[in-house]
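Dear colleague,

I am passing the structure below over to you, and after it you will find my notes on what turned up when I went through it. Please read them with the sequence and the coordinates open beside you.

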Amino acid sequence: MPNTVLIVGASRGLGLGLAKQFASEGWQVIATVRDPQRADELKAIANIRIEALDIDDATGVDALAERLSGIALDVLYVNAGISGSGTLSADTATHEEVGQLFTTNAIAPVRLAKRMLPLVDPSSGVIVFMSSIMGSVETGPGMGMSLYGASKAALNHLTRNFVAGLGEDSGLTVLSMHPGWVRTDMGGAEAPLDIETSCRGMVEQVKRAARQGGHRFIDYQGKKLPW
Ligand SMILES: NC(=O)c1ccc[n+]([C@@H]2O[C@H](COP(=O)([O-])OP(=O)(O)OC[C@H]3O[C@@H](n4cnc5c(N)ncnc54)[C@H](OP(=O)(O)O)[C@@H]3O)[C@@H](O)[C@H]2O)c1
């Protein structure tokens, strides 16, 4: 039986790269996109199952969990995220911009993980939240994109709460993952890393993490990051 991964937010960028990398290593990939009409590269991957989902839509998350019931996930990879328009800061962002940023980057990922938890293999499953070094309270400030960083810090905080709720006997492993600075629509053309290098590294880290238990904040090379 191949291993199974559910990747949330796989239309482009790192999510698409992760889908390609897992599939190339023989995994069964279930990938979500907001608009299945714009998922040609994903559809070209052999044996992929594509599901429509906007991570902000709690009813849609419930419906997806129902459609996937009976499937055992080895890995749940919550990748979807946004950087917000322009240079969002606490001084200038509107109510709506703040709400959107924190909903998509911090609230919705953890809400989805809670809803999908019964599908994840309880003895060796890995849940990955796509975080960012900018979300580190110790080293993130000064890197720019302060409100985006704050939303990822909030994600890390909520993830720690989520992990505490799993209990000490849980066999699950949870990773808060920094992919590196990667050339995607979000990362921009100046980023030093290509998608393939980042995704190959992240998949390697996820495979190593299975059965280790606990919660770690690491990058695509396995380097431990400060909270
Ligand atoms: N690139 C970097 O250097 C970098 C560094 C640190 C962390 N990250 C994190 O890595 C993740 C992926 O980033 P990326 O660079 O690949 O960005 P990207 O190229 O902008 O892709 C973002 C992905 O998230 C999806 N998404 C956004 N909002 C969504 C929603 N409400 N529901 C479902 N899917 C949604 C997008 O889908 P659509 O196509 O439908 O918009 C797209 O697939 C993000 O969480 C980001 O914060 C990236």
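**The shell around the ligand**

The largest share of the shell around the ligand, three residues, comes from helix H1 (residues 13-24). This is a predicted model, in which local features need pLDDT of at least 70 and side-chain atom pairs count only at pLDDT 80 or more, while totals for chains, interfaces and linings use all residues. Residues are numbered from 1 along each chain as its sequence is written. Helices (H or I, at least four residues) and strands (E, at least two) are DSSP runs, numbered from the N terminus.

The ligand is surrounded by 27 residues, of which Gly13, Gly81, Thr184, Met186 and Gly187 are the closest; a residue is taken as near the molecule if its C-beta atom, placed from the backbone, lies within 6 Å of it. By character the shell divides into ten nonpolar, eleven polar and six charged residues, where Ala, Val, Leu, Ile, Met, Phe, Trp, Tyr, Cys and Pro count as nonpolar, Asp, Glu, Lys and Arg as charged, and the others, Gly among them, as polar.

**Strands and crossovers**

Strand S1 (residues 4-8) and S2 run parallel and are joined by five bridges, two strands being called paired if DSSP finds at least two bridges between them. Within this pairing, isoleucine 7 has alanine 31 of S2 as its bridge partner. S1, H1 and S2 together make a right-handed β-α-β unit, right-handed meaning that, with the strands pointing away from the viewer, the path from the first strand over the helix to the second runs clockwise.

Strand S2 (residues 28-33) is mostly covered, with five of its six residues buried; a residue is buried if 20 or more other C-beta atoms lie within 10 Å of its own, exposed if 12 or fewer, and partly exposed in between, with C-beta atoms placed from the backbone. S2 also pairs in the parallel sense with strand S3 (residues 49-52), over four bridges, and here isoleucine 30 stands opposite arginine 49.

Glutamate 51, which lies in strand S3, counts as partly exposed because it has 17 C-beta neighbours inside 10 Å. Its C-alpha atom is separated by 4.7 Å from that of threonine 32, although the two are 19 residues apart along the chain. Leaving aside neighbours within four places in sequence, glutamate 51 is in contact with Ile30, Thr32, Leu64 and Arg67, a contact being two C-beta atoms, placed from the backbone, within 7 Å.

Strand S5 (residues 126-130) is mostly covered, five of its five residues being buried. In a regular strand the side chains alternate between the two faces of the sheet. In S5, Val126, Val128 and Met130 point one way and Ile127 and Phe129 the other way, and all are buried. S5 runs parallel to strand S4 (residues 75-78), to which four bridges join it, and parallel to strand S6 (residues 173-178), to which five bridges join it. Tyrosine 77 stands opposite valine 128 in the one pairing, and phenylalanine 129 opposite serine 176 in the other. The chain crosses from S5 through H5 to S6, and this β-α-β crossover is right-handed.

**Nonpolar cores**

The largest nonpolar core has 49 residues, and Ile7, Leu18, Tyr77, Val78 and Val128 touch the most other members; such a core is a set of buried Ala, Val, Leu, Ile, Met, Phe, Trp, Tyr and Cys residues joined through C-beta atoms within 7 Å. Helix H6 (residues 195-209) gives this core its largest share, six residues. Tyrosine 77 touches Val5, Leu6, Ile7, Val8, Leu18 and Val128, not counting residues up to four places away in sequence. A second, separate core of seven residues includes Leu88, Leu101, Leu147 and Tyr148.

Serine 146 is found in helix H5 (residues 146-166) and is partly exposed, because 18 other C-beta atoms lie within 10 Å. Serine 146 and leucine 88 are 58 residues apart in sequence, yet 7.4 Å apart in space, C-alpha to C-alpha.

**Two positive phi angles**

Most residues other than glycine have a negative phi. Asparagine 47, in the loop between helix H2 (40-43) and S3, has a positive phi near 60 degrees, and with 10 C-beta neighbours inside 10 Å it counts as exposed. Arginine 211, in the loop between H6 and strand S7 (214-219), has a positive phi near 75 degrees, and this arginine is exposed too, with 12 other C-beta atoms within 10 Å.

With best regards
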